[in-house]
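Q: I would like a close look at a single part of this model. Please examine the residue named below and then set it in the context of the surrounding fold.

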Amino acid sequence: MSKLILITGAQAVGKMTVAEAIKEKTGISMTMNHDSLDLSAKIFGWGHPAHKILSKDIRMATFNAAISTNSDLIFTYVWAFSEEEDWNYVENINKIFDGQLYIVELVTDLQTRLDRNKTQHRLYNKPSKRNTESSDQELIDSVDKYRLISTEGEVDKIYKNYIKIDNTNLTPQETADIIIKKFNL
């Protein structure tokens, strides 16, 4: 049965680099939310009605491919805990993976996120973040607009396979080791 390791957290918290470290250590395939967003934006442009539709279809096709081949998958996603739509999306993923959902929530402070937002690795892998002034502003604005850090017990009262990690002072490899051990990947 396929497992989905959902790595969530605010923008630039380190989801991608931690996912890459887990992939390197375990061989589990990975996809980022930005994979589908950036591809559909390349085709239709941001804001086009087809952009969101194609992005969703790419993600669902990826999930279905993992399930049909009994492959585990890592998926990175910014989960706004204040938004019912995001809770519904995560629950839908949980159902698709027949309850084999393993949730990792990464947290760090705003300044660390602003610093990480400008790394060459991030900018290379996420074309939509290359305008760093705009990306920084989006990151700052989201602090007031959404609740991107869960409250105590909020997630683990629903999902048994859950861990929250403050990765401010951890390398991606150290964070990956904690996750691999916790979920026996």
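Does Ser-71 count as buried, partly exposed or exposed, and at what relative accessibility?

A: The model is a predicted one. Within it, Ser-71 has a relative accessibility of 28%, and because buried means under 20% and exposed means over 50%, Ser-71 counts as partly exposed. Ser-71 is placed in the loop that lies between helix H3 (49-68) and strand S3. If neighbours within four places in sequence are left aside, the contacts of Ser-71 are Ser-2, Lys-3 and Ala-66. A further spatial relation links Ser-71 with Gly-27: the two are 44 residues apart in sequence, while their C-alpha atoms are 10 Å apart in space.

The strand that follows this loop leads into the sheet. S3 belongs to an open sheet of five strands, ordered S2-S3-S1-S4-S5 with parallel pairing. S2 and S5 are its edge strands, each of which pairs on one side only. On average, neighbouring strands of the sheet are turned by 20 degrees against each other, with direction ignored. Two helices can be described against this sheet. H1 packs on the sheet and touches S1, S2, S3 and S4, and the direction of H1 makes about 175 degrees with that of S3. Helix H2 (residues 33-44) also packs on the sheet, where it touches S2 and S3; the direction of H2 makes about 50 degrees with that of S2.

S3 (residues 73-77) is joined to S1 by five bridges, and the two strands run parallel. Phe-75 is the bridge partner in S3 of Leu-6. S1 also pairs with strand S4 (residues 101-107), again over five bridges and in the parallel sense. In S4, Ile-103 stands opposite Leu-6, and Val-104 stands opposite Ile-7. Strand S1 (residues 4-8) is largely enclosed by the rest of the structure, because five of its five residues are buried. Leu-4, Leu-6 and Thr-8 point one way from S1, whereas Ile-5 and Ile-7 point the other way.

The residues of S1 also lead to the nonpolar interior. The largest nonpolar core has 21 residues, and those with the most contacts inside it are Ile-5, Ile-7, Ile-22, Ile-74, Val-104, Leu-106 and Ile-179. At least two residues of this core come from each of S1, H1, strand S2 (29-32), S4, strand S5 (162-166) and H8. H1 gives the most, with five residues. With residues up to four places away in sequence not counted, Ile-74 touches Ile-5, Ile-7, Ala-19, Ile-22, Lys-23, Ile-28, Ser-29, Met-30 and Thr-31. Another core, of 20 residues, lies apart from the largest one, and its members include Leu-4, Trp-79, Trp-87 and Tyr-89.

H1 and H8, which both contribute to the largest core, are also in contact with each other. The axes of helix H1 (residues 15-26) and helix H8 (residues 172-183) come within 8 Å and cross at roughly 65 degrees. This crossing is right-handed. On the H1 side the contact involves Thr-17, Val-18, Ala-21, Ile-22, Lys-25 and Thr-26, and these meet Pro-172, Gln-173, Thr-175, Ala-176, Asp-177, Ile-179 and Ile-180 in H8. By class, the contact of H1 with H8 comprises seven nonpolar, four polar and two charged residues.

Two other residues deserve attention for their backbone. Most residues other than glycine have a negative phi. Asp-98, although not a glycine, has a positive phi of about 50 degrees. Asp-98 is found in the loop between helix H4 (84-96) and S4, and it counts as exposed at 53% relative accessibility. Asn-184, also not a glycine, has a positive phi of about 50 degrees. Asn-184 lies in the segment after H8 and is exposed, with a relative accessible area of 65%.

Methods: Residues numbered from 1 in each chain as written. Predicted model: local features only at pLDDT ≥ 70, side-chain atom pairs only at ≥ 80, totals over all residues. Heavy atoms only, no water. Axes fitted to C-alpha atoms, helices over the stretch in contact; angles between N-to-C directions. Helix = DSSP H or I, 4+ residues; strand = E, 2+ residues; numbered from the N terminus. Left-handed = near helix turned anticlockwise from the far one by under 90°. Contact = heavy atoms within 4.5 Å. Nonpolar A, V, L, I, M, F, W, Y, C, P; charged D, E, K, R; others polar. Buried < 20%, exposed > 50% of the residue type's maximum accessible area, 1.4 Å probe, protein only. Pairing = 2+ DSSP bridges. Core = buried A, V, L, I, M, F, W, Y, C linked by side-chain atoms within 4.5 Å.
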